Amino acid sequence: METKTTQPSAPTAAPDPESWSVASSKELYRTEDWGMGYFSIADNGHLVVNLDPDRERVVDLYEIVRGLDDRGISSPVCIGFPDLLAARMQEMSDAFSDAIEANSYRGSYSAVYPIKVNQNRALVKEIETGGRTHGFGLEVGSKPELLAVMGLTVDHPDRLIICNGFKEERYVRHIMLATQLGRHVVAVIENINELEILISNAASFGVRPGIGIRLKLDSLATGRWHGSTGDKAKFGLTIPGVLKVVRRLREVGMLDCLELLHCHMGSQLSNIQVINEGIQDLARVYTDLQKMGAALTYLDIGGGLGVDYDGSQTNWDFSTNYNLAEYAETAVYRIKTVCDEAGVPHPAIVTEAGRAMVSHHSLLVTDILGVSRIDRHALTDEQAEAELGNEKHPRVVDELIENLLSVTPDRLLESYHDALQSRQDALTRFRVGLIGLEDRGFVDQIFWSICLKVIRLSSDLDPLPEELAELEQQMSDTYFCNMSVFQSLPDSWAIDQVFPIMPIHRLDEEPTRKATLADITCDSDGKIDRFIEHEDVAPVLALHPLRKDERYYIGIFLTGAYQETLGDLHNLFGDTHLVHIRYDDDEGWYVDEVIEGDSVGEVLGYLQYDVRELFQAIRRDCERSVRAKRLTAAESRVLLAAYESGLTGYTYLE
C-alpha cells in the first residue's frame, strides 16, 4: 500500500535529545496512571499493550498498525484485545474472591455484562465464553437484546440473564419462552404496570419465572449522571411500590419467585462514599424483604463502577477515588455487616459493571492527514523591526510592531491587551475602507507574532492567567484526523467525555507542538479540544511535528464502552474497521478476526439509497456524454469504474 504523504511542519527549534526520554513521555501522557498496567511505553518509543498483569505478553501497537496496513486494513481502525478483556474479567473475579475470603462472606459473586454497553457480537460472545469460568452472566434491556442473548447461550442455559428495561406483552412472552427453554432468566420489575403482565403470562405459559425488583434509592449519585437516582429516577420502584409488589406476589402464590433485588446507584461513580451509602440502603431493604418471606437470593448492586480516565484517582467526573479492590471490599463488607445484624443469609452479590469490564480492551487508531499552524505566518523580531517606520503602512502597524518588540515577562497581559485593542482598531478601519487588504493581513501577522511570544514567555507562570490559557488554545495547531468524532467518539461530542489520547510512536522524542484535533466531517463540532490532565481538562495536546513521507498515528484509549454502538452517520462516515488481536506465546500477535468497516454503498443503503439505481443513473449519464462528445467511450469506462470503486470503498480517506 502506498505510504501517505503529509505536509511538513514549519521549522521548529531542534529539541535536545538529552532532555527528553521515554520517562518524560510517560509523565506527560500519564500512561502509568490511566493505563492500569495494560498500557506503557517501550524503550523504542512505541506504545505497547500488556495483555496480562505480569507483562509477560506484550504487543507493540505501532507494529500492529503497520502490520494491518500491510494487510490492506488502513486507519481509522478500532482494535480490540480479547486477551486484555479476559484479564480484566479475571481481575474482577479475583477482587471479589479476595474480599469474600477476607470477610468470611458466605455468599458468592457474579458479574453480568449489560450488552447495551457494547452489543458487538464478537465482544458479547467473548464475554459469554470467557465468563463461564467465573460464572458471569449477561444483562439485557430490550427485546432485541434478549433474543440475541437467548441465541448466544444455547449451549450454556444456566447462565444468569437479567432482563431490565420497560416490558410490554411481547417482551414478557419472550422471557417466558426463554424460561421454558431452561434459561436462568430474572425479569426485573421496573414499574407497577409490568407486574400484572408478568403474572398473567406466567399463568398462560405455566412457568415459575424468576422475578426481580429494581429499587429507587433515596441516596443520590454524584457526577455527570447524578439524576439517574432518587425519586425522579427513570427506572425503579419506591418503597411503597416495592411493598405493593410483595403483597401482590403473595396473593397469587408467587412470592417464592422473587429472587433478586436490584438498584441503579448511577453511572461512572467517582466517589466510593456514594457507593457505600447506596449499598447500605439496598442491603437494609433486602434484609427486611427477607423477613417478610421473599425468597431473595441475589443482591444486584447494579453498575456504576467507574473508569479512571485521567489516572488521577480523585473524586472527579472522569476519575475514581477508589480502585477495583476497594470497590469489592466495600460491597462485601457492607452487605455482610447489614445481613449479620439482621440475622439473614448472605446473598449472592451481582454487579452490572459493563463500563469497567470492557473500556480498556478497545482503542481507536487514526492517522494525521495534515496540520494547520498559525505560526507559519509569524514574524521574527528582526523581520518586524525592519518594517518599523515604513511609510507604506498605517500607524496601527507601527503600534503593533512596537508592542511586539517590547513584550517581556513582566508585562505579558498588558502586551496582549494592547495587541487586542490595536487589532480591533485595524479591523474597524478595514471595514470602512481606510486600510487595504495587504495591511490587514500584515496586522494579523504581527498580532499572531505577539500572541505566540506571550505564550512562549508565559510557560513558567504558575498559575497561568485564565486569558493566557485560552490564548494558548486559540494559537495552537490543528491536527486533522482521519476519523469522525460523531461515529467513533460520540461521547466526546455529546457529553464532553475526555479520553486518554496520545501518539503511539516517536515517544522517545520531545513533542514540541501544542494542538487540538479536528475530524474530517464538515461540522464545526467535529473536533477534540478537551484532553486529560491531573484533576482537570487541558485545552491542548502535545504532539510531534509531522515529517514528510511518514504517517503519524495517534491512539484514543478506553473506548470499549458505548462508543462503537452510539456513533451516527454524520456526513455518511460509517463504522470503522474492527480488528481483534490475539497473542500466541510462540508466534506473538496475530489477527484473529476482521470486521470490515462500512463501504460507501452500505452506508447509502442504510438511508434507502438504491446503489444499483445510482450506478445505472451514472451509466446513462455517461452514455449521454459520449453521444454529446463530452467524453470518449474509453473515458466513460474509466469514469464508471471509478464510480463503482467508490461505492465499494471505505467511507474514510484511503
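Pro463 sits in the loop that links α16 to α17 (466-474). The peptide bond leading into Pro463 from Asp462 is cis, with omega near 5°. This is a predicted model. A second cis peptide bond joins Ser75 and Pro76, again with an omega of about 5°. Pro76 belongs to the loop between α3 and β4 (77-80).

**The small sheet before Pro76**

Helix α3 covers residues 61-70. It lies across β2 and β3, and runs at about 55° to β3. Those strands belong to an open sheet of three, ordered β1-β2-β3, with antiparallel pairing. Which strands form its edges? They are β1 (39-41) and β3 (58-60), each of which pairs on one side only. From one strand to the next, the twist averages 35°.

Strand β2 takes in residues 47-50. Three bridges hold β2 and β3 together in the antiparallel sense. Within this pair, Asn50 stands opposite Val58 of β3.

**The barrel**

How many strands close into the barrel? There are eight, in the order β5-β6-β7-β8-β9-β10-β11-β12. Their pairing is parallel. Neighbouring strands are turned against each other by 25° on average, direction ignored.

One pair shows the pattern in detail. Strand β6 (residues 137-140) and strand β7 (residues 160-163) run parallel and are joined by three bridges. Val140 has Cys163 of β7 as its bridge partner.

Helices lie across the barrel strands too. Helix α7 (residues 169-180) lies across β6, β7 and β8 (184-189). Helix α10 (residues 272-291) lies across β9 (210-215), β10 (258-263) and β11 (298-300). The table sets these two beside α3 from the small sheet.

| Helix | Strands it lies across | Angle |
|---|---|---|
| α3 (residues 61-70) | β2 and β3 | about 55° to β3 |
| α7 (residues 169-180) | β6, β7 and β8 | about 155° to β8 |
| α10 (residues 272-291) | β9, β10 and β11 | about 160° to β10 |

**A helix pair: α14 and α15**

Helix α14 spans residues 395-405, and helix α15 spans residues 412-431. They pack at an angle of about 165°, with their axes 10 Å apart. That angle makes α14 roughly antiparallel to α15. Their crossing is left-handed.

Which residues of α14 meet α15? They are Val396, Glu399, Leu400 and Asn403. On the α15 side, the partners are Ser415, Asp418, Ala419, Ser422 and Ala426. The residues of this contact divide into four nonpolar, three polar and two charged. An α-helix has 3.6 residues a turn, so residues three or four places apart point the same way.

Helix α14 also has buried residues: Val396, Val397, Asp398, Leu400, Ile401, Asn403 and Leu404. What covers them? The cover includes α13 (381-387), α15 and α16 (437-457). Helix α16 is also the element just before the loop that holds Pro463.

**Toward the later residues**

Two residues here have a positive phi although neither is a glycine. For Tyr562 the phi is about 75°. Tyr562 is found in the loop between β21 (553-556) and α20 (563-566). For Asn571 the phi is about 60°. Asn571 lies in the loop between α20 and β22 (577-584). Is Asn571 buried, exposed or partly exposed? Asn571 is partly exposed, because its relative accessible area is 36%.

Strand β22 then pairs with β23. The two run antiparallel and are joined by seven bridges. A hairpin of three residues connects β22 to β23. Across this pair, His580 stands opposite Glu593 in β23.

After the hairpin comes Ser599. This serine is placed in the loop between β23 (588-595) and α21 (600-606). Ser599 counts as buried, because its relative accessibility is 13%. What does Ser599 contact, leaving aside its neighbours within four places in sequence? Its contacts are Leu647, Thr648, Gly649 and Thr651.

Notes: Residues are numbered from 1 along each chain as its sequence is written. This is a predicted model: local features need pLDDT of at least 70, side-chain atom pairs count only at pLDDT 80 or more; totals for chains, interfaces and linings use all residues. Side-chain values use heavy atoms; hydrogens and water are left out. Axes are lines fitted to C-alpha atoms, for helices over the stretch in contact, and angles run from 0 to 180 degrees between N-to-C directions. Helices (H or I, at least four residues) and strands (E, at least two) are DSSP runs, numbered from the N terminus. Angles under 35 degrees count as roughly parallel, over 145 as roughly antiparallel, 65 to 115 as roughly perpendicular and the rest as oblique. A crossing is left-handed if the near helix is turned anticlockwise from the far one by less than a right angle, and right-handed if clockwise. Contact means heavy atoms within 4.5 Å. Ala, Val, Leu, Ile, Met, Phe, Trp, Tyr, Cys and Pro count as nonpolar, Asp, Glu, Lys and Arg as charged, and the others, Gly among them, as polar. Buried means under 20% relative accessible area, exposed over 50%, partly exposed in between (1.4 Å probe, protein chains only). Two strands pair if DSSP finds at least two bridges between them.
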